[in-house]
Amino acid sequence: MKKVIIVGATSGLGRGIAETYISRGWQVAIAGRRTALLEEVAGAHPNVIHDTLDVTDTARCIKVLESLTERLGGLDLLVLSSGVGRQNAALDFDLELPTIETNVRGWTAIADWAYKLFATQGHGHLAAISSIASVRGLAPAPAYSASKAYQAHYLEALRQRAMVSGRPIYVSDIRPGFVDTPLLANPKQFFWVLPPEKAVRAIVRAIDRRRGVATITCRWALIAPIMRMVPTRLLAKLLAR
């Protein structure tokens, strides 16, 4: 039976992904900050293992992941779905810091831990949920878009290592467009907002196919190259609306 840990499984995409693997009969472990929500999932599915972690507490985070892996009896897939971000027009550093701590420092600790585990055992799959925001800097949310670009480059570096190793180790960078989850405070101000159920289906399909980079969904995959080519001045005007 295959074994998976989902980090950031208390709500949104992470929870949807967890529910999918539970329904498939995988051995599932879930982790996140909000204990009550983890217990809610585990209460409905008694075979699910869970523990609370805050990715910014990197020392405890690694201990929790090691414990979950031991309780599962191994690990085939780690889905890294934790992340924060907010708009910050005033460039208030106190608003930027949690994004940096979570999406860069804590995220890196988990990605490194998972990759080293898979390298040691000779197989495994790290799938991280990043964002279409990794394509360009976004004026309303500088730290968020920058952190997602960091994640994209980091995952590419790990993917290069996996390829050179010659072992069945896979690293997936899953880049959803705008999704109607709690992370999107006001969905009406954005365009092409995806229902979470549709996004989850596409994400799991990309993981199944071991995609290196997958933009979710096809509509966003078409617009991503255009976003890269849009002149900075024009992009700034569009984002200011």
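In the predicted model, Ile-100 is located in helix α4, which spans residues 93–121. With a relative accessibility of 35%, Ile-100 is classed as partly exposed, because this class lies between the limits of 20% for buried and 50% for exposed residues. Together with Phe-93 and Leu-97, Ile-100 makes a nonpolar patch on the surface, with an area of about 260 Å².

The strands of the model were examined next. Strands of a sheet pair through backbone hydrogen bonds, in either a parallel or an antiparallel manner. Here, an open sheet is formed by seven strands, arranged in the order β3-β2-β1-β4-β5-β6-β7, and the pairing is parallel. Strands β3 (49–52) and β7 (213–216) are found at the edges of the sheet, where each pairs on one side only. On average, and with direction ignored, neighbouring strands of this sheet are turned against each other by 15 degrees.

At one edge, β3 is joined to strand β2 (residues 27–32) by four bridges in the parallel sense. Within this pairing, Ala-31 has Asp-51 of β3 as its bridge partner. Helix α2, comprising residues 35–44, lies across both β2 and β3, and the direction of this helix is at about 175 degrees to β3. A further helix, α5 (residues 142–165), also packs on the sheet, where α5 touches β5 (124–129), β6 (169–176) and β7. The angle between the directions of α5 and β6 is about 155 degrees.

Technical notes: Residues numbered from 1 in each chain as written. Predicted model: local features only at pLDDT ≥ 70, side-chain atom pairs only at ≥ 80, totals over all residues. Heavy atoms only, no water. Pairing = 2+ DSSP bridges. Helix = DSSP H or I, 4+ residues; strand = E, 2+ residues; numbered from the N terminus. Axes fitted to C-alpha atoms, helices over the stretch in contact; angles between N-to-C directions. Contact = heavy atoms within 4.5 Å. Patch = residues over 30% accessible without salt bridge, like charges linked within 9 Å, V, L, I, M, F, W, Y side chains within 5 Å. Areas by Shrake-Rupley, 256 points an atom, 1.4 Å probe, with all protein chains shown as cover. Salt bridge = Lys/Arg side-chain N within 4 Å of Asp/Glu carboxyl O. Buried < 20%, exposed > 50% of the residue type's maximum accessible area, 1.4 Å probe, protein only.
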